[in-house]
Amino acid sequence: MQFTYPKHEKLKSKTTIDLLFSDGNSVSKFPLRLVYVENKEENAELIKIGVSVSKKYFKKAVDRNYYKRVLRETYRLNKHLLIDNLEKPYAFMFFYQTKERLSYQEIEEKTIQLFQKFIETTK
């Protein structure tokens, strides 16, 4: 298993992002939230994911960028949980939704729990 986050897995499509927010479902494990929708594009990758940290909770870009890096890293190291259990391609948006400044270890634990919760809801 390669623990990478290549360019083709990054969610960049405006139409897919709009679809996520209009028709997407979500699962939460405080303080993380995963919004997902089945990706119906032709030749779609198995996973497309984007990360977001709200300006509402972290006013400084430095802080938002730090938490986005942490979210991408926890995804990169634990994406095998998703890949091993997906049959259809999905697009995801991964959110950090609190003012609390959790440690990397806490965020990683919550990420694993969130991915497991997603797998349970889609089966």
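Visitor: Where is N39 in this predicted model?
Guide: N39 sits in the loop between strand 2 and strand 3.

Visitor: Why is N39 called buried?
Guide: The cut-off for buried is under 20% relative accessible area. N39 has a relative accessible area of 8%, so N39 counts as buried.

Visitor: Which residues does N39 touch, not counting residues up to four places away in sequence?
Guide: N39 touches A44, K48, P89, Y90 and A91.

Visitor: Why is helix 2 called oblique to helix 3?
Guide: The axes of the two helices cross at roughly 45° and come within 9 Å. Angles under 35 degrees count as roughly parallel and 65 to 115 as roughly perpendicular. The crossing angle fits neither class, and therefore helix 2 is oblique to helix 3. The crossing is right-handed.

Visitor: What makes the contact of helix 2 with helix 3, by class?
Guide: The contact has 13 nonpolar, three polar and two charged residues. Helix 2 contributes residues including Y67, L71, L77 and L82, and helix 3 contributes residues including I107, I112, F115 and F118.

Visitor: Which residues touch the most other members of the largest nonpolar core?
Guide: F92, F94, Y96 and F118 do, in a core of 27 residues. Strand 2, strand 3, helix 2, strand 4 and helix 3 each give two or more residues to this core. Helix 2 gives the most, with six residues.

Visitor: What does F118 touch, not counting residues up to four places away in sequence?
Guide: F118 touches V27, L34, Y36, L82, L86, Y90 and F92. Apart from the largest core lies another core of seven residues, among them L11, L20, V35 and F95.

Notes. Residues numbered from 1 in each chain as written. Predicted model: local features only at pLDDT ≥ 70, side-chain atom pairs only at ≥ 80, totals over all residues. Heavy atoms only, no water. Core = buried A, V, L, I, M, F, W, Y, C linked by side-chain atoms within 4.5 Å. Buried < 20%, exposed > 50% of the residue type's maximum accessible area, 1.4 Å probe, protein only. Helix = DSSP H or I, 4+ residues; strand = E, 2+ residues; numbered from the N terminus. Contact = heavy atoms within 4.5 Å. Axes fitted to C-alpha atoms, helices over the stretch in contact; angles between N-to-C directions. Parallel < 35°, antiparallel > 145°, perpendicular 65-115°, else oblique. Left-handed = near helix turned anticlockwise from the far one by under 90°. Nonpolar A, V, L, I, M, F, W, Y, C, P; charged D, E, K, R; others polar.
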